Amino acid sequence: FAYRREDFEAYVGAALTHALKLGATDAAAEASEGCGLNVSVRLGKLENVERNRDKSLGVTVYVGQRRGNASTSDFSRAAIEQTVREAYDIARFTAEDPAAGLPDADDIVREQPDLDLFHPWPITSEHAAAMALECEAAARGTDRRITNSEGAEVGWGASELTLANTHGVVRTRRSTSISLWTTPIASHAGGM
């Protein structure tokens with residue numbers, strides 16, 4: 001990841017501080033970063049290789065029971081303050097919602113269990129392509145009625161999210177996802 005946990009905690013903290021300074025009753029903010037790789041093949045040939053990297057900061061501001069949301073991908077102090085201002089302005093002009101607001105402070109779990117969600121996978125695009133080709137070939141080879149394929153894909157992603165609110169919650173979690181799929185197409189009695 002390009003950012004440290006301390007960076008994210010500072011960004012969400014700055015957002016909450018600015019929201020309260022503007023007059024918000026409560027606020028929540030989350031900063032996240034993600035990256036990933038997706039490789040797809042079809043009919044034994046490489047079709048697509050995609051890499052992604054993104055980041056965002058989202059803010060929810062409450063003015064009584066009115067709520068406003070805004071987000072940015074710019075982590076500069078000026079951009080964070082502008083995003084908070086936009087969320088605050090939206091909240092000021094939104095109709096009241098009796099269900100809007102943060103959970104009661106007594107309902108918030110204070111201990112964050114380790115859910116073992118983060119498992120980095122140092123896969124290359126070449127290895128992902130080989131896996132996808134092998135998966136598609138195995139599926140196509142299971143029955144002679146399989147005559148086509150919508151392809152196969154290997155995907156991997158990692159993300160880090162820091163969430164904070166004005167009830168004193170500050171939580172960070174890292175997680176990863178891995179996928180491998182294929183869609184063979186069979187022909188039988190004139191149908192697919």
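Where is Asp 116 found? I looked this up in what is a predicted model, and I found Asp 116 in the loop between α2 and α3 (125-140).

**Entry on positive phi**

I noted Asp 116 because its phi is near 55 degrees, a positive value in a residue other than glycine, and its relative accessible area of 51% makes it exposed, the cut-off being over 50%. Most residues other than glycine have a negative phi. I then turned to Leu 43, which lies in the loop between β1 and β2 and whose phi is likewise positive, near 55 degrees, although the residue is not a glycine. I checked how accessible Leu 43 is and read a relative accessibility of 35%, so I entered this residue as partly exposed. A glycine also came up in this search: Gly 23, just after α1, takes a positive phi of about 120 degrees.

**Entry on helix α1**

I next looked at α1, which covers residues 5-22, and found that its 18 residues reach 26 Å from the first C-alpha to the last, close to the 26 Å expected at 1.5 Å a residue. I listed the buried residues of this helix, among them Phe 8, Tyr 11, Val 12, Leu 16 and Leu 22, and I noted that Asp 7 and His 18 are on the list as well. What do the buried residues of α1 pack against? I found that they pack against the strands β1 (26-42), β2 (45-63) and β4 (146-165), and against the helix α2 (77-92).

**Entry on α1 against α2**

I followed the helix pair further and saw that the axes of α1 and α2 come within 9 Å and cross at roughly 45 degrees. I therefore recorded α1 and α2 as oblique to each other, and the crossing in which α1 passes α2 as right-handed. On the α1 side the contact is made by Tyr 11, Ala 14, Ala 15, His 18, Ala 19 and Leu 22, and on the α2 side by Arg 77, Ile 80, Glu 81, Val 84, Arg 85 and Tyr 88. I sorted the residues of this contact by type and obtained eight nonpolar, one polar and three charged.

**Entry on Val 61**

Is Val 61 buried or exposed? I found this residue in strand β2, and I entered Val 61 as buried because its relative accessibility is 0%. Leaving aside neighbours within four places in sequence, I found Val 61 in contact with residues including Ala 19, Arg 66, Arg 67, Val 84, Tyr 88 and Ala 91. I also looked up Gly 101, which is 40 residues from Val 61 along the chain, and the C-alpha atoms of the two are separated by 9.0 Å.

Notes. Residues are numbered from 1 along each chain as its sequence is written. This is a predicted model: local features need pLDDT of at least 70, side-chain atom pairs count only at pLDDT 80 or more; totals for chains, interfaces and linings use all residues. Side-chain values use heavy atoms; hydrogens and water are left out. Helices (H or I, at least four residues) and strands (E, at least two) are DSSP runs, numbered from the N terminus. The expected span of a helix is 1.5 Å times one less than its number of residues. Buried means under 20% relative accessible area, exposed over 50%, partly exposed in between (1.4 Å probe, protein chains only). Contact means heavy atoms within 4.5 Å. Axes are lines fitted to C-alpha atoms, for helices over the stretch in contact, and angles run from 0 to 180 degrees between N-to-C directions. Angles under 35 degrees count as roughly parallel, over 145 as roughly antiparallel, 65 to 115 as roughly perpendicular and the rest as oblique. A crossing is left-handed if the near helix is turned anticlockwise from the far one by less than a right angle, and right-handed if clockwise. Ala, Val, Leu, Ile, Met, Phe, Trp, Tyr, Cys and Pro count as nonpolar, Asp, Glu, Lys and Arg as charged, and the others, Gly among them, as polar.
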